[in-house]
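Welcome! Take a moment to look over the structure, then work through the exercises at your own pace.

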Amino acid sequence: MSDGNQPPAGFKVVGHRPIRPDGVDKVTGRAQFGADFHLPGMLTGRIKRSPHAHARIVKIDTTAAEKLPGVKAILTGEDFDVGAGGEIEAGESASAMKDVAANCLAKGKALYQGHAVAAVAATLPEIAAEALDLIEVIYEVLPHVIDVDAAMADDAPVLHGDMFTKGVTPRPDKPSNIAQRYVMGRGDVPGAFAAADVVVEGSYTTAAVHQGYLEPHACVASWGADGQSTIWSSSQGQFLVRAMTARILNLPLSDLKVIPAEIGGGFGGKTTVYLEPVALALSRKCGRPVKIVMSREEVFLASGPTSGSSMDIRLAATKDGRITAADMTLRYQAGAFAGSPVHLGCMTAFACYDVENLALVGYDVVSNRPKVAAYRAPGAPMAAFAVESAIDELARKLNMDPIDLRLHNAVKDGAKTVYGATVRSSAFVETLEAIKAHPHYQTPLKPGEARGVAAGFWFNIGGESSAAVHVDEDGGATVVSSNPDIGGSRASMAMMAAETLGLPIERVRCTVADTTSIGFSGSTGGSRVTFATGMAVVEAAKKVVDDLRRRAAETWECDIAQVEWRDGAAVCLDPSKDVKPLSLKALASKSAKTGGPIAAEVSLNAQGAAAGYGVHVCDLEADAETGRTTILRYTAAQDVGRAIHPSYVEGQLQGGVAQGVGWALNEEYVYSRNGLLENAGFLDYRMPVASDLPMIDTILIEDKPNPRHPYGAKGVGEVPIVPPLAAVSNAISALVGQRMTSLPLSPAKVLAARSGG
Amino acid sequence: MSRTVVRATVNGEPVEFLGGGGQSLLDALRDELRLTGSKEGCGTGDCGACSVIVDGRLVCACLMLAPEAEGKRIETIEGMADNGHLHPLQHQFLEHAALQCGFCTPGLLMASKALLDRNPDPTETEVRYWLAGNMCRCTGYDKVVRAVMDAAADLRQAEKTA
Amino acid sequence: MSGVDYVSPTSIPDALKALQTDGARLMAGGTDLLVQMRGGRTKPKLIVDLKRIPGIADIREEDGGFVIGAAASGASIGEHEGLRSAWPGVVEAANLIGSTQVQGRASLGGNLCNASPAADSVPALIAAGAICVIAGPNGQREAPVETIQSEPGKTTLARDEVLVAFRLPMRPARSSDAYLRLIPRTEMDIAVVGADVSVTLDAAGKCTAARVSVGAVAPTALLVEAAGAALIGSSFDEDALTKLEAAVAAAAKPISDKRGTADYRTRVAAVLARRAALIARDRALGAKA
């Protein structure tokens, strides 16, 4: 729960907690998610997947499957031709389209267990399943590599013969699994280490973890005989689905309409395509709509987790706790194709701290795993695990309070980040102070309990967004958003519009439009929607207000400068006019006589997103004889700018904490010696359930509203997954008296550490 | 003969549908009866998104065969609101913002209803363990648990004043 | 899950007859079978649902003991007052199988016949000395639970036999049992290790009978007779408990897999057996002192 944030003075809607406009549909089962659509004549699509971690596809024989009654279309990777491919911006990073296509259907080689090799569409699910069995694929099994460090070894099996490490000069003379090397830094690192009073160092690893959204990927695609097609799908961006699908199938964008379904969670994992190009290509082959829904096993095998990582870190500090230098090497799994978020790991690693001398090297490494996808603050939680563990170690060495040590080094406005940005409107110091003053941090621990503290950072982004505001003739308004609503954004959009228009929230509704009904928008990702699309909503609402003022001025025959918009009505400031205010409702009812319908659409490229900072504190205990840990208390504080709908902001913090705790304690991809995933299901993947967690207290820091957003919003969704890995691990390290360095911290690992093993 | 006619009562209405040993009750609800409020998150009984109440017992519709429904009384999320009036659980989930994406919500609501039907005054721990079979990846469960506790209080209050 | 026939016989003879069909599989709660079908690990042609056979899902008292129908759900076992007070370990083990939802369906018969080494209820039934009642073409036979599982996924039941019920013997005074398992989360996991201890005490609190069984540390749940023997004659003193732990650790032959390492399992099996023994003793003292 919030620590009692009060609605900001002067606002009637923003900062309050109304019921979300799409809420009733979601509590009554009426909301339509990706798998809920049904079209007449619709076929079931299914995908045949590689049983091997790495294999050359010698031959795919579809003859027997084609003959099975009820089979209407069969597809293989040879059906896709994207040529050189190019790149498409997708959320926080660009995607190479050649790789996206080859991930949707393998070409030449299967690069991981579960890699799609063929697809069928059939009249019944059971026929589609039988057809998959009848498709004969001849493989030449190749040596595989799973682990990131093993994949970097000189003698590792190479996945891509054309992969020559970028970012290294001269260009390497032989291919490897290292797609790219990133180098960042500043200052004199060796000098600072030589002069240091204290040095701490360590090596850390984290496991690959899945976003774990509850809704498996799903879509329906319908090809039109004239080439105009429609896709209904659950994704984080209808425009992204359109761009990627059109690119893979060589279609003009205007011939493809993508209708966003309700999305059952994404956390970054639905910022790419797996099914849509396949479903549409199948539909193109047989002229009937095709629905494809992944099973949970397919989600684990073939959709993106985030990178597992291996990191080395060293910190140099003075004896009074000033961190003078750090050097860090980060090696991130990319999965089967290049594109781990290791560069984001490098950029965020020390973003909370003002460190003069920095040296960071990141490696983006492919191996025989599913291609990673974005996952909430991609790249940051792993780096923060290493950094925040090292800082905890330093605090112990210096015998300093871990919050005081962080305060001593905290980044402040005006500081330069290692990636060149200047810090502004940051409230990291306030966030640290809030945790320090909180009753949780002030409560002494009981015997057998331990406490961990950690901080985290995320950039948050802006970018391209569109929104429209339509004033209805009865005086209400409809907001048209361009972004799939993944966690309540229709509520914040409607609230910002209501605040700007001066309407009660109940008179403003919000819908998410398809690609033909609103201007372009980037995906729902990067914690950008409330900021960027929200800015478009407010701009559109302001245009509407200006139009309403103009109409009032014309009605009153006064200068528009003499008309003020106040509490949902035009007020005349001209003392010579004796007129009553004209409400929005009154103006709307006469719109035909004052210039026609009242509406505005705004497309913009939002600049000025402000970074967010989080500080978490976690208390836990462990069973001395089994190593099982129990989280006893958890508090998360975050610099949120201003909370538009505080309940949903709190929810973001609580959800991020739960995912981070899962990452810290139990979640991981477990592989057999043959490179096969052994836990491709919820049972053995072990995400937190309700009884695993306590209530998660939140503190929303609103000291520094973002001046570049009309209502002060900063992105809030990603920061909260950054600190928990180290907050949990630091607590366990304190408990067992030994630095824990390898996630997840399973009972066996904790027991071994406790026993001094 | 793999599919036969199954007769059951769903949300108080008699229904007939085709089902065989190859279809789960969830398949029948979603594909035959078009009651898509029950969701498939895993198909293996691990996530609870398909939770329905069968003859008073909470079950995963994905772990029950369609023909087993013969003669049974089935409650789904579509029947939770009473003639357009939200159940106190639905109301409290909205008040508490106990949902983000909403995909797990129908299952959580059905499971919570099954709990309050037999335990009108559960402790936080009882709520958490009862709902352990309903995964939610968005909320961290905090607001869900609070919503269930408050709905329980609402129902007790309503019982008292009735 | 395609083209599968379904029957729900209403008598044991009808069920036995249906079982003669090629590709027939018995189903009680179905919480394992449906998952295996869904994953393509089993492809039955006919499902024989036992739950419409009268009595097969019932729990009744008989000759001072209990008869639990093979298809009785975990939820109905948990709601049975008499069973809860006589065999709390069996009940808690049955109630640990899966979620609330799974409890509405999962049965002891299915848990045993699925033959997972990690089945929660099996160590409890073994320690309880439960007897299986098995129907076959040639009539009915009885067999101790510990003789049923032969290896992971396999049982000693003949292809044409049906497990009908479990018999739990009459409880002497001052007897009780307890089941503990280790899972990384609090719920929803398969046991990394499970341990059940059933004891009877004399008036002075000395152990006069004890059976100890552990799960997930060998291809099948184990009856560890030496562990029971370590308790008999003792007052659960440190010496006896240490011997109990040693006996359990010696009997454990676990593998390392995605759920836990062999070393960890061996160590924790001993810890859980000791804890379960103390809980069973406390219950025996409290319940029928």
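Below are six exercises, each followed by a worked solution.

This is a predicted model, in which local features need pLDDT of at least 70 and side-chain atom pairs count only at pLDDT 80 or more, while totals for chains, interfaces and linings use all residues. Residues are numbered from 1 along each chain as its sequence is written, and chains are lettered from A and ligands numbered from 1 in the order in which they are written.

**Exercise 1. Describe the overall build of chain A.**

Step 1: Start with the secondary structure. Chain A has 21 helices and 30 strands; helices (H or I, at least four residues) and strands (E, at least two) are DSSP runs, numbered from the N terminus.

Step 2: Turn to the dimensions. The radius of gyration of chain A is 27 Å, close to the 27 Å that the globule rule gives for 757 residues, so chain A is as compact as a globular protein of that length. This radius is taken over C-alpha atoms, and the rule is 2.2 Å times the number of residues to the power 0.38. Along the principal axes, the C-alpha trace of chain A spans about 85 × 75 × 50 Å.

Step 3: Look inside. Of the 757 residues of chain A, 61% count as buried. A residue is buried if 20 or more other C-beta atoms lie within 10 Å of its own, exposed if 12 or fewer, and partly exposed in between, with C-beta atoms placed from the backbone.

**Exercise 2. Now do the same for chain B.**

Step 1: Chain B holds 5 helices and 5 strands, and along the sequence they follow the pattern β-β-α-β-β-β-α-α-α-α.

Step 2: Chain B has a radius of gyration of 16 Å, which agrees with the value near 15 Å for a compact globule of 162 residues. Its C-alpha atoms fill a box of roughly 50 × 35 × 25 Å, taken along the principal axes.

Step 3: In chain B, 65% of the 162 residues count as buried. Of the contacts in chain B with a separation of 6 or more, 60% are between residues 24 or more positions apart. Two residues are in contact if their C-beta atoms, placed from the backbone, lie within 7 Å.

**Exercise 3. Why is helix α10 of chain A largely enclosed by the rest of the structure?**

Step 1: Count the buried positions. In α10 (residues 342–349) of chain A, 8 of the 8 residues are buried, so the helix is largely enclosed by the rest of the structure.

Step 2: Name some of them. Among the buried residues are V342(A), L344(A), C346(A) and M347(A).

Step 3: Find the partners. The buried residues of α10(A) pack against β9 (178–186), β18 (323–335), β19 (357–366), α11 (380–398) and β20 (449–458) of chain A.

**Exercise 4. Trace two open sheets, one in chain A and one in chain C.**

Step 1: In chain A, 3 strands are ordered β24-β25-β26 with antiparallel pairing. The edge strands, β24 (563–566) and β26 (582–583) of chain A, each pair on one side only. Two strands pair if DSSP finds at least two bridges between them.

Step 2: Strand β25 (residues 569–572) of chain A is joined to β26(A) by 2 bridges, and A569(A) stands opposite S583(A) in β26(A). Helix α16 (residues 529–556) of chain A packs on this sheet, touching β24, β25 and β26 of chain A.

Step 3: In chain C, 3 strands form an open sheet in the order β1-β3-β2, with parallel pairing. Its edge strands are β1 (5–7) and β2 (24–27) of chain C.

Step 4: Here 3 bridges join β1(C) to β3 (residues 46–49) of chain C, and V7(C) stands opposite V48(C) in β3(C).

**Exercise 5. Is M188(C) buried or exposed?**

Step 1: Locate M188(C) in the loop between β11 (175–182) and β12 (193–201) of chain C.

Step 2: M188(C) counts as buried because it has 26 C-beta neighbours inside 10 Å.

Step 3: Leaving out residues up to four places away in sequence, M188(C) touches V689(A), D46(B), A132(B), G133(B) and S99(C).

**Exercise 6. How many residues of chain A are in contact with chain B?**

Step 1: In this contact, 43 residues of chain A meet 45 residues of chain B.

Step 2: The largest share of the chain A side, 8 residues, comes from α18(A).

Step 3: By class, the side of chain A that touches chain B has 20 nonpolar, 17 polar and 6 charged residues. Ala, Val, Leu, Ile, Met, Phe, Trp, Tyr, Cys and Pro count as nonpolar, Asp, Glu, Lys and Arg as charged, and the others, Gly among them, as polar.

Methods:
Axes fitted to C-alpha atoms, helices over the stretch in contact; angles between N-to-C directions.
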